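Me: Could you choose one part of this model and take me through it carefully, as you would for someone in a first year of study? I would then like to hear how the rest of the picture can be built up from there.

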Amino acid sequence: MALEQLYKIVNEQITHELGAEMQYLAISFWLERENLQGMAAWFKQQAIEEHDHAMKIVGLMNEWDAPIALISPPNPTLEFESLKSVFEAALAHEQRVTEQINSIFKTAREESAWHIEVAFQWFVTEQVEEEVNARDNLAKIIMIGDNPAALLEFDRHLATPA
Ligand SMILES: [Fe+2]
Ligand SMILES: [Fe+2]
């Protein structure tokens with residue numbers, strides 16, 4: 001695989017990260033409508049982080065003098081049938097991103113593109129944390145079930161940045 005081909009895959013990751021930003025914003029807006037302002041704030045913060053991920057890759061591409069072709073992400077899912085499905089979607093989304101990051105890392109190694117491999121170590125580590133958060137949140141939502149007091153408590157908890 002030519003280095004240009006590898007840069008193309010990295011370029012696609014910019015779109016994936018922007019797609020994650022859009023999806024988390026959409027989730028945040030949905031939660032806002034459900035009066036779960038703490039959770040809405042948490043997902044808005046996640047959206048900002050996803051934007052930062054995209055910009056981090058943009059910065060790397062510039063350092064590598066690799067051309068950036070900005071491609072729009074697909075429209076996010078706007079409606080959810082339950083709170084549980086929101087958190088399931090968030091976990092599934094992070095798992096998908098982990099696969100994408102791992103694939104870049106693996107290809108970089110196979111192609112001896114050490115500059116890409118080293119740069120993407122940061123993303124491999126970041127995805128571990130992202131999946132931990134998504135799994136913890138889903139586990140708590142399942143634990144909360146139909147208990148409004150516990151739900152409000154968790155909503156308040158997520159409102160406070162760690
Ligand atoms: Fe990300
Ligand atoms: Fe993420």
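**The iron site and what can be described around it**

Reply: In this predicted model, the iron ion (ligand 1) and the iron ion (ligand 2) are placed 3.5 Å apart, and Glu50 coordinates both of them. Looking at ligand 1 by itself, you will find that the iron ion is coordinated at 2.1 Å by Glu17 and Glu50, each through OE, and by His53 through ND1. If you follow these donors along the chain, their spacing reads E-x32-E-x2-H. The end of that pattern can be seen in the fold, since Glu50 and His53 both belong to helix H2, which covers residues 37-63, and stand three residues apart, or about one turn of the helix. Glu50 and His53 are also both buried.

From the metal we can turn to the charged side chains, where the model has six salt bridges. Side chains of opposite charge can pair when their charged atoms come close. One of these bridges joins the side chains of Arg33 and Glu79, with 3.2 Å from N to O. This pair links distant parts of the chain, because Arg33 sits in helix H1 (residues 3-33) whereas Glu79 sits in the loop between H2 and helix H3 (83-110), 46 residues apart. Arg33 has a relative accessible area of 52%, so this residue is exposed; Glu79 is exposed as well, with a value of 53%.

Two further bridges can be followed within single helices. Lys106 pairs with Glu110, their closest N and O atoms being 3.0 Å apart, and both residues lie in helix H3, four residues apart, about one turn of the helix. Lys106 counts as exposed, because its relative accessibility is 52% and the exposed class begins over 50%. In helix H4 (residues 114-144), Arg135 and Glu131 are four residues apart, so about one helical turn separates them, and their closest N and O atoms are 3.5 Å apart in a salt bridge. Here the two partners fall into separate classes of exposure: Arg135, at 41%, is partly exposed, while Glu131, at 14%, counts as buried because buried means under 20%.

What remains is the empty space, and we can begin with the enclosed kind. There is one cavity of 30 Å³ or more, and the largest cavity holds about 50 Å³ of space. Its lining includes Tyr24, Trp42, Phe87, Glu94 and Asn137. H2, H3 and H4 each supply at least two residues of that lining, with H4 giving the most, namely four. Sorted by class, the lining residues of this cavity are six nonpolar, three polar and two charged.

The second largest pocket, by contrast, is an open space, and contains about 190 Å³. Of the 13 residues that line this pocket, Gly19, Ala20, Pro74, His93 and Arg96 lie nearest its centre. H1 and H3 are the elements that give two or more residues to the lining of this pocket, and H1 gives the most, with five. By class, the lining of the pocket has five nonpolar, seven polar and one charged residues.

Terms used: Residues are numbered from 1 along each chain as its sequence is written. Chains are lettered from A and ligands numbered from 1 in the order in which they are written. This is a predicted model: local features need pLDDT of at least 70, side-chain atom pairs count only at pLDDT 80 or more; totals for chains, interfaces and linings use all residues. Side-chain values use heavy atoms; hydrogens and water are left out. Donors are N, O and S atoms within 2.8 Å of the metal (3.2 Å for Na, K and Ca); water is not among the atoms, so sites may look incomplete. Buried means under 20% relative accessible area, exposed over 50%, partly exposed in between (1.4 Å probe, protein chains only). A salt bridge is a side-chain nitrogen of Lys or Arg within 4 Å of a carboxyl oxygen of Asp or Glu. On a 1 Å grid over the protein atoms alone, a cavity is a set of points where a 1.4 Å probe fits but cannot get out, and a pocket is an open set with protein on both sides within 12 Å along at least five of seven lines; lining residues have an atom within 4 Å of a point. Grid points are joined across faces, edges and corners, and a volume is the space filled by probe spheres set on the points. Ala, Val, Leu, Ile, Met, Phe, Trp, Tyr, Cys and Pro count as nonpolar, Asp, Glu, Lys and Arg as charged, and the others, Gly among them, as polar.
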